[in-house]
Amino acid sequence: MTFSVVARSGGAYGIAVASKFLGVGAAVPAAEAGVGALATQALANLAYRPQGLALLRTGVAAAEVVAGLTAADPERAHRQLGVVGPEGDGATYTGGECLSWAGGVSGPGYAIQGNILTGPEVVREMERVWLDGAELPFAERLVATLAAGDEAGGDSRGRQSAALWIAEQGAGLGAPGGVSHDLRVDDHPAPVTELRRLLGIHEVLFGTPDPAALLDLTGALAEEVAALVAATGYADLDQWAGVENLEARLVPGRIDPLVLNHLRANGS
């Protein structure tokens with residue numbers, strides 16, 4: 001009762017998923033930086049997540065991961081699975097007992113699948129948007145692909161939850177495990193729309209400043225920034241940005257226009 005896209009982009013691996021099910025992000029996705037990603041759905045088998053990543057870690061191709069996981073599973077007829085590894089095509093599997101409409105498509109670096117959908121147009125639209133979105137940032141491309149499935153009809157029972165998970169080496173807060181995105185909408189009447197809103201906030205707080213857009217923090221601009229920071233009651237720009245969760249966008253001697261606009265809105 002879920003539709004998802006599992007994909008890679010360079011060294012990043014991600015899953016975007018939506019369902020008429022509470023907290024789909026807690027059950028379906030798994031990804032590991034430098035290894036791969038998978039989605040287990042329909043009658044989800046959570047053991048697929050560590051087992052699949054372990055197989056990918058040893059260099060097993062996506063199609064063989066699917067074959068190995070499902071062959072050993074007596075409930076495979078009720079499972080649905082999408083897997084992407086570091087190279088080659090993604091792989092998708094739909095058991096014969098999954099409720100209609102159920103199916104998937106796969107290609108170079110992606111697997112798209114869904115069950116209890118309004119029809120095959122859901123995965124077809126998702127694939128089209130995925131293939132057309134090569135110029136988008138990876139997270140935006142995943143969510144755009146998910147939104148295309150939602151707009152095409154999505155889960156035939158309705159809407160409830162959505163999630164985005166991306167693993168990328170050296171990404172994330174403190175980069176302990178390389179998770180750049182872990183966004184979840186557990187119970188919402190328009191979960192994909194809400195997920196998109198959360199992604200926008202995530203980009204503001206954790207996105208990388210565009211070097212070409214940075215402004216030199218000198219002269220009149222430096223004086224304005226100092227006055228605005230003082231008006232907020234903080235000692236300096238670093239302290240204010242830390243409180244506002246904008247520290248990832250600080251650049252010594254320069255300022256991101258997004259940070260400047262936020263400071264102007266809060267310090268004036």
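This report describes a six-stranded sheet and the packing of helices in a predicted model.

## Basis of the model

Local features are given where pLDDT is at least 70 and side-chain atom pairs only at pLDDT 80 or more, while totals for chains, interfaces and linings use all residues. Residues are numbered from 1 along each chain as its sequence is written, and side-chain values rest on heavy atoms, without hydrogens and water.

## The sheet

Six strands form an open sheet in the order S7-S8-S1-S2-S9-S10, with antiparallel pairing; strands are DSSP runs of E with at least two residues, helices runs of H or I with at least four, numbered from the N terminus, and two strands pair if DSSP finds at least two bridges between them. Strand S7 (103-107) and strand S10 (179-185) each have a single partner strand, so one side of each lacks a neighbour in the sheet.

Six bridges join strand S9 (residues 161-167) to S10, and Ala167 has Val179 in S10 as its bridge partner.

## Helices H4 and H5

The axes of helix H4 (residues 138-151) and helix H5 (residues 191-206) come within 10 Å and cross at roughly 165°, where axes are lines fitted to C-alpha atoms, for helices over the stretch in contact, and angles run from 0 to 180 degrees between N-to-C directions. H4 and H5 are therefore roughly antiparallel, a term for angles over 145 degrees.

Contact means heavy atoms within 4.5 Å; in H4, residues including Val143, Leu146 and Asp150 take part in meeting Val192, Leu195, Arg196 and Leu199 of H5.

Note on methods: Angles under 35 degrees count as roughly parallel, over 145 as roughly antiparallel, 65 to 115 as roughly perpendicular and the rest as oblique.
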